[in-house]
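Let's walk through this fold together, starting with a helix and working outward to the sheet and the cores.

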Amino acid sequence: MVTKSWKRSIALVATGLLGASALAGCSGGSKESNAGASAGSSGAEKVKLSFETSVYAEAPHKKVIDALIQKYNEMNPNVEITVHGTDYENFWDKLTTEIIAGTQGDIVQVYPENIATYNALQGGSAFVNLDEYIKGTELETDLVGQELSKVNGSYYAVSNYAWGTTGIFYRKSLFENAGIDPNSIKTLDDFKAAAIKLGADTDGDGTVDQYGFSSVVGSHPFVASEWYRLVARPVSGGVFFGDGEAGPYTADRINFNSPANVWAAQWWQDLIDNPQATPPGTRDKKVSREMFWNGQAAMIMDGPWFIGMTQERDQQLMDDLGLMAQPDVVYEGQTYKPNPHNYPLVSMISQDSKHKEEAWEFLKWMASPEAQEIIAGSGMIPSSKSYAGTEEYAAANPLAAQFFEIQDKLYAPPVMDPPISELGTLSQAVVNAAQDMFIAKQDAQTILDKAAAEMKNAMN
């Protein structure tokens, strides 16, 4: 999700506060980076491409992306691909700045909800329309999330890497010690009761040092997304617009301060205020994950990528790693199924790239069985249905395969963020509101009303 307002980055560029070095961080699409490289296609010089992604900071993704690029470079000695990435939180502001300056990578990997926002930064043409490569081909039907990669009916990205949704990972040993059967957790209230019971004073000093649920309660954007993915969106139908985040995307349809979302915020405040249920002041997702791995928390909300991250950190932890679906939400006597995002990572080609055809050849290869086998090592689920749907894949990746069953049998259809250029501004309003409600502990109704008014102004 875009977590910062791109308007702020525009203002910084306009006032000259960002130096040339900030604008040239990933120069694959810049005027200078490929100067003279056009001869590469004839063999005189290598074709140089840059690949820009937010997930490169995470060890499993770095390992996989390095392997993909190394393999492709070996297969195509006339093409040299290099990668550029940064931490997740800073990636999006940096990408905004680069697109405005025309210095983004030749290939940029984002999530589907980001496509419209970033494409709009150059008058709706920052990235290449990929219809001629995708429409009518097997890529259109075989890749999970490909249908989400459209803007105004045209494809601007290819879903050629991997995908995931979210569930609840748990430490089997801590559940056993507390006498809790994970199969007994069916509803959100069951989940809360288990989180409180799992909290414990393990060293007898009178303070809680083991928590039930490791949630982010800090400045990181997850302070908002964990709340609305687990509670708000299932009951309200859409954090932004309702009806499954469907259009028309107009100011009068802003749904953020709906009664269901107010209830969901109050429920979440009650959960995170319980000292046994959640650790106070968890700064970001990295800290939250470390607490889980260290045995200081029994549950964490995450996706299939967390499997690879856990394996990378400590192979022995895998024997203690369990997975359950996000629980149903009961609100006003009605039961709502979880509807978390489907999170495919998708790739776009910069309109400023001097080697668009070569960039597409690499992206097409990434969807091949050979590349998808490499991508499986990321811990996410490879995007190719024909590859990831095999019995061999399920046998080799049993926890990841559980997500297929969870999504098919226990979840409602996923609800995605609205594919509109204003999404960055709306998302920042959600993060700001979450910080006010869950860190500053301000009144939910008041904060949601204020944020909804800001969203309506943005839509107008």
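Which residues in α13 are buried? Buried here means under 20% relative accessible area, with exposed over 50% and partly exposed in between (1.4 Å probe, protein chains only). In α13 that applies to W305, F306, I307, G308, M309 and T310. Before going on: this is a predicted model, where local features need pLDDT of at least 70, side-chain atom pairs count only at pLDDT 80 or more, and totals for chains, interfaces and linings use all residues. Residues are numbered from 1 along each chain as its sequence is written, and side-chain values use heavy atoms, leaving out hydrogens and water.

The cover over those buried α13 residues includes α3 (59-75), β7, α12, β9, β10 and α18 (398-409). Helices (H or I, at least four residues) and strands (E, at least two) are DSSP runs, numbered from the N terminus.

Now the sheet: it's open, with four strands in the order β8-β9-β7-β10 and mixed pairing. Strands pair if DSSP finds at least two bridges between them. β8 (211-213) and β10 (321-324) sit at the edges with a single partner strand each, so one side of each has no neighbour in the sheet. β8 runs parallel to β9 (residues 297-302), joined by two bridges, and F213 stands opposite M299 in β9.

On to the cores, meaning sets of buried Ala, Val, Leu, Ile, Met, Phe, Trp, Tyr and Cys residues joined through side-chain atoms within 4.5 Å. The largest nonpolar core has 79 residues, and Y161, F169, W360, F362 and M366 have the most contacts inside it. Its largest share, six residues, comes from helix α14 (residues 356-366). A second, separate core of 60 residues includes M299 and F240.

Technical notes: Contact means heavy atoms within 4.5 Å.
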